[in-house]
Amino acid sequence: MGNWTTLETDVLVVGGGVAGTMAAIPALEAGLKVVICEKGKVLDHCGSVGCGVDHYLTVMDTGPEWDTPEFLIKHVPELTDGIVDMAVASRVIHEMPRIFRKIESFGVDFKDRKTGTYYRLRSFGLPGTYHINFDGTDFKKHLGERVRKGKATVLMRTMVVQLLTQDNRAYGAFAFDFRTGEWYAIRAKAVVLAAGDVNRISRNASGLAFDSWHFPYNTGDAQAMGYRAGAALANMESVEATLTPKGFSTQGLNALVSLGAYFVNKSGERFMFRYDTKGENARRAVLADAVINEYLLGNGPIYLDCRHLPQEMLDRMERTLQVDRYTLPAFYQQKGVNFREELVEISISELSIRRSGVYFRGSGLAVDTNGETSVAGLFAAGDCATVSGGIAGAAVLGHIAGEGVVRRVRGTVGLLPEIDAKAVESVRARAKNHLERREGIGWKQFEDETRRTVTDHVGVRRTDKGLRLALQTLQALAKREPQLKADDLHGLMRVHESVNIRLNAEIMASASLARKETRTGSAHWRLDYPKTDDEHWRKFVIVERGKDGPAVRTLSTDRPLSDAFARDAAVA
Amino acid sequence: MAEAKVHNPIEINPETCVKCNLCDWICPGDLIYKEEDNRETLPEIVYPDECWYCGLCQSICPTNAINIVFPGQMVHNQTNVVDLLGKVVE
């Protein structure tokens, strides 16, 4: 079972991606002790943009009205179909220029190498050219370097499996190194959850669980642990799918679309304008939605068409094709398709629980304007939090949470609770059970069952009956968790992930059942309530741990989510 | 039903591999295991079906000894997309 090590720190950060490193930076600058736990091996290349990224969304405050925080904030309600925490979203947008400059100061070059200027594009339905198209191959490396220079303790190949809380106050977590078997009990004055979105939760075209658009090693660990610790989650009913080259669930297609590629159906018809006046420049959710509808109308296969574009643009596309996913050129080559001259067949990806294709409305742990959840001392940022927006959203809310942590740590007086010996024993016994068990269920089979259920009944087309059926199946599956077997320490890590994925699916199904309307197209499409009902549903669906599973309540979107927090104002 | 042979997405050329550890070090999914401080042993792809096809191992390999190979179900995919869009129970 390996050894136990106890660590004392000011701040524990769960996840070393963009949000986690950006949260660590202000804490390190303030001279705090920081421990980061990360399932990957190298801070410079871990998280969902460890391989690189090609766009960054920001307001820059360069002069024109559209480039001011106020202008973008004004458009947030329409961008999110009215379901957004305006207090948190406004703070994030206000901080965008400052954090952008700070990241530049770390050495990230956002400028176009050829022209020496920012190449800013209008995409995803945003009301201005907020997206900087850039070569972000080394983006994450610069953040990683910054954290290493700040002398954080970084525990790699280490998974956090349980938070420690007392009286609705977080004071640390248990984690284990799945290479060495070393266990850690970490006591911290504040904990930042930054473990990303939820993937491996539904099926895709290839049928390969790890062939996912988003990072398949992000398995909703933060959402699941936060939920078990009593934190409130919101927007969990909203799912996100994207368009991918058929057979490879990769990002990279949207970049081509924002550079001028078209979608056409099997008749060669350019159909996007039937769905949105912005055509291919519509929000990502609208793009996915339109393609889903075309497939359901029998107009598939759907193709990506770049043939009309000038050579110069095709060259730019070819140059940047591998930035979002290094292997995309190899895929096209092995498939034998040349996107410059041929149509590329596209598919809908598997689902993620993330930010449902819109900016500033995340699905995950509800946070206040300091990034703190409903559990005191427990912060969240990035794709596991309720305000999310790609890497920029992760960077900005991450930094806000990092600054919130500094205030929280400085305000912490007295001793933290002792680590509960009974909890240690129970975590140890659970792990021993999975590792020593000969008979039982493998995590792959367990996960397949979750994916099948979600795809059939919780995914794109939802009904009351289907969702109830899914909840039954998912709850029955939970009862089999003690029978999960792990072949080795790596398998034990996957067992924990599978359990987290199932819990997220159950939370998603519960929230979807509650929202009796359709909103943002296929992000939450109820066949039995096909209309958007603004009169009754300008509300957040909040999910928390109840006595017998997920408990659901609602809150008007006129109010910030933190109004629903039971957190004692005196502690805050 | 017998399990089909697991496709290996990460082909390592034993002739050019310098057995340096970088692929193990960079893999975000903990798939590649290389015995440390042993310049005789090759890296092993222990969990091939958990590959994201990100190519980080290929991109970092100092001798270009790694080739990413996509399986048939990815390059010649025959799935009906409508099957991914749910079953309707009313």
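Helices (H or I, at least four residues) and strands (E, at least two) are taken here as DSSP runs, numbered from the N terminus. The model is a predicted one, so to speak of local features takes a pLDDT of at least 70 and side-chain atom pairs count only at pLDDT 80 or more, while totals for chains, interfaces and linings use all residues. Residues are numbered from 1 along each chain as its sequence is written, chains are lettered from A and ligands numbered from 1 in the order in which they are written, and side-chain values use heavy atoms, with hydrogens and water left out.

A good place to start is a sheet in chain A. Four strands make up this open sheet, in the order β15-β10-β19-β20, and their pairing is antiparallel; two strands pair if DSSP finds at least two bridges between them. At the edges stand β15 (364-365) and β20 (549-556) of chain A, each with a single partner strand, so one side of each has no neighbour in the sheet. Strand β10 (residues 233-234) of chain A runs antiparallel to β15(A) and is joined to β15(A) by two bridges. Here A:L233 sits opposite A:L365 of β15(A).

Across β10, β15, β19 (539-546) and β20 of chain A lies helix α5 (residues 221-228), at about 65° to β19(A). Axes are lines fitted to C-alpha atoms, for helices over the stretch in contact (heavy atoms within 4.5 Å), and angles run from 0 to 180 degrees between N-to-C directions.

Helix α5 turns up again in the lining of a pocket, alongside β7 (158-166), α11 (421-436) and α14 (489-514) of chain A: these are the elements that give two or more residues to the lining of the second largest pocket. Five residues, the largest share, come from α14(A). The volume of this pocket is about 520 Å³. Of its 19 lining residues, A:V161, A:R228, A:R430, A:E481 and A:V499 are the closest to the centre. By type, the lining has eight nonpolar, six polar and five charged residues.Some terms need spelling out. On a 1 Å grid over the protein atoms alone, a pocket is an open set of points where a 1.4 Å probe fits, with protein on both sides within 12 Å along at least five of seven lines, and lining residues have an atom within 4 Å of a point. Grid points are joined across faces, edges and corners, and a volume is the space filled by probe spheres set on the points. Ala, Val, Leu, Ile, Met, Phe, Trp, Tyr, Cys and Pro count as nonpolar, Asp, Glu, Lys and Arg as charged, and the others, Gly among them, as polar.

As for the backbone, A:R157, in the loop between β6 (153-155) and β7 of chain A, has a positive phi of about 50° although it is not a glycine.
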